[in-house]
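Let's take a walk through a protein together, one piece at a time. Keep the picture open while you read, and look for each residue as we come to it.

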Amino acid sequence: MGEQPIFTTRAHVFQIDPNTKKNWVPASKQAVTVSYFYDVTRNSYRIISVDGAKVIINSTITPNMTFTKTSQKFGQWADSRANTVFGLGFSSEQQLTKFAEKFLEVKEAARLARDKSQEKIETSSNHSQESGRETPSSTQASSINGTDDEKASHAGPADTHLKSENDKLKIALTQSAANVKKWEVELQTLRESNARLTAALQESAASAEQWKRQFSVCRDENDRLRHKIDELEEQCSEINREKEKNTQLKRRIEELESELQEKETELKDLRKQSEIIPQLMSECEYVSEKLEAAERDNQNLEDKVRSLKTDIEESKYRQRHLKVELKNFLEVLDGKIDDLHDFRRGLSKLGTDN
């Protein structure tokens with residue numbers, strides 16, 4: 001009832017795997033409430049988170065604890081008393097920053113509370129030691145007084161007062177010795193707690209170094225995976241190009257298959273035509289024979305044409321010669337006719353005269 005919440009947020013809770021000390025194990029299936037509580041009676045601080053009826057975080061904050069941001073939205077701290085490491089995953093970087101700042105504030109308050117407690121223990125121890133140093137002399141005085149009282153048990157009222165004071169001092173000595181033993185036990189407990197905290201701090205430091213190494217390994221692995229992803233993307237692009245080439249090749253194969261079918265059809269037609277080739281060959285031979293006979297006839301005709309041409313030339317020559325002779329004859333005939341006319345005119349003239 002003395003605890004009061006001083007800060008509350010929501011986050012996904014994780015715990016380190018106790019077997020591997022490397023992997024995170026989810027402690028909640030969804031984001032849960034994580035709160036800082038202040039215990040007024042004990043002057044202590046705790047981080048508490050409850051998922052339904054199950055307490056998943058109950059971590060008392062000590063000055064030796066350290067909250068570490070491992071990413072933009074994830075942080076962790078080691079609890080040596082619970083012998084585990086808690087991790088919180090936030091929905092935003094601002095929530096993680098506020099939680100880390102509150103952790104530092106509460107850690108400083110826990111350190112101040114521890115310092116005050118140690119001052120009280122040291123003050124009580126000093127008082128106990130002073131009481132212890134004063135007690136022997138009082139005891140010696142009491143023993144001396146006690147001896148005197150035994151020697152003179154009825155010495156008077158002053159002796160009775162000294163006896164009562166001696167009894168009071170004995171009781172105070174007994175209480176002081178009990179307090180010394182109690183403070184020694186508490187001091188031993190604090191030393192053991194300090195040793196545990198030191199071991200936890202060393203373990204936390206070792207765990208932090210281990211987490212740093214693991215982070216470096218994870219970063220290298222991340223770089224390697226990114227490089228692998230780039231290679232795979234390049235391979236995917238090559239595969240896409242190969243697919244495009246395969247598609248083009250398929251289209252080309254289909255075209256070639258269609259051409260092949262056409263060629264096969266043509267080949268079938270040629271085969272059908274080849275069946276009539278012998279007949280065509282015989283016809284061709286018959287035609288060749290006829291052609292040869294025609295060529296012979298043509299040769300004879302050409303010879304006849306040449307002879308006819310020669311005859312025509314000779315005939316033309318004769319015609320020209322005949323034309324010349326006919327011309328000469330006509331000229332002679334014209335002269336004779338003219339002479340005949342002249343003779344006729346003379347005869348007419350002579351007839352007239354007669």
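Which residue in β4 stands opposite Ser-35? Find Ser-35 and look straight across: you'll land on Ile-48 in β4. Before we go on, bear in mind that what you're looking at is a predicted model.

Let's stay with those strands for a bit. Strand β3 covers residues 32–39, and strand β4 covers residues 44–51. The two pair in the antiparallel sense, over six bridges. Between β3 and β4 there are four residues, and together the strands form a hairpin. In that turn sits Asn-43, with a positive phi of about 55 degrees.

Now follow the chain onward. Strand β5 (residues 54–60) runs antiparallel to β4, and six bridges join them. To see how they line up, pick Arg-46 and look across to Thr-60 in β5, which stands opposite. This is a hairpin too, with two residues between β4 and β5. In its turn you'll meet Gly-52, whose phi is positive at about 75 degrees. While you're here, a general tip for looking at strands: in a regular strand, side chains alternate between the two faces of the sheet.

Time to zoom out. How many helices and strands does the protein have? Its secondary structure comes to three helices and eight strands. Read from the N terminus, the order is β-β-β-β-β-β-β-β-α-α-α, so to speak a run of strands followed by a run of helices, by the definition of the elements used here. The protein has 354 residues, and 16% of them count as buried. Its accessible surface comes to about 27,100 Å², with 54% of that belonging to carbon and sulfur atoms. And how do parts of the chain meet? Take the contacts between residues at least 6 apart in sequence: 54% of them join residues at least 24 apart.

One of the places where distant parts of the chain come together involves two rings. Tyr-36 and Phe-99 form an aromatic pair, and the count of such pairs comes to 12. Their ring centres are 5.0 Å apart, and the planes make an angle of 35 degrees, which makes the pair tilted. Tyr-36 lies in strand β3, while Phe-99 lies in helix α1 (residues 93–151), and 63 residues separate them along the chain. Are these two buried or exposed? Tyr-36 has a relative accessible area of 0%, so it counts as buried. Phe-99 is buried as well, with a relative accessible area of 0%.

Tyr-38 and Tyr-45 make another tilted pair, at 4.7 Å centre to centre and 35 degrees between the planes. Tyr-45 is buried because its relative accessible area is 13%, and the cut-off for buried is under 20%. Go back to Tyr-36 and Phe-99 now, and you'll find that they belong to a cluster linked by ring pairs. Its other members are Phe-7, Phe-67, Trp-77, Phe-86, Phe-90 and Phe-103.

Let's move along helix α1 to some charged residues. Side chains of opposite charge can pair when their charged atoms come close. Glu-108 and Arg-111 do this in a salt bridge, with their closest N and O atoms 2.3 Å apart. Both lie in helix α1, three residues apart, which is about one turn of the helix. Arg-111 also forms a salt bridge with Asp-115, at 3.0 Å between the closest N and O atoms. Arg-111 and Asp-115 are four residues apart in the helix, so about one helical turn separates them. Add Arg-114, and you have a network of salt bridges linking Glu-108, Arg-111, Arg-114 and Asp-115. Glu-108 is partly exposed at 37%, Arg-111 at 30% and Asp-115 at 23%.

The whole structure has nine salt bridges, and one more is worth a visit. In helix α3, Asp-342 and Arg-345 sit three residues apart, about one turn of the helix. Their side chains meet in a salt bridge, 1.9 Å from N to O. Asp-342 is partly exposed at 40%, whereas Arg-345 is exposed at 52%.

Our last stop is a nonpolar patch on the surface, made up of Leu-326, Phe-329, Leu-330, Leu-333 and Ile-337. Together they have about 430 Å² of accessible area. Leu-333 lies in helix α3 (residues 277–353), and its relative accessibility of 34% makes it partly exposed.

Conventions
Residues numbered from 1 in each chain as written. Predicted model: local features only at pLDDT ≥ 70, side-chain atom pairs only at ≥ 80, totals over all residues. Heavy atoms only, no water. Phe/Tyr/Trp six-rings, centres within 6.5 Å; stacked < 30°, edge-to-face > 60°. Buried < 20%, exposed > 50% of the residue type's maximum accessible area, 1.4 Å probe, protein only. Contact = heavy atoms within 4.5 Å. Areas by Shrake-Rupley, 256 points an atom, 1.4 Å probe, with all protein chains shown as cover. Pairing = 2+ DSSP bridges. Patch = residues over 30% accessible without salt bridge, like charges linked within 9 Å, V, L, I, M, F, W, Y side chains within 5 Å. Salt bridge = Lys/Arg side-chain N within 4 Å of Asp/Glu carboxyl O.
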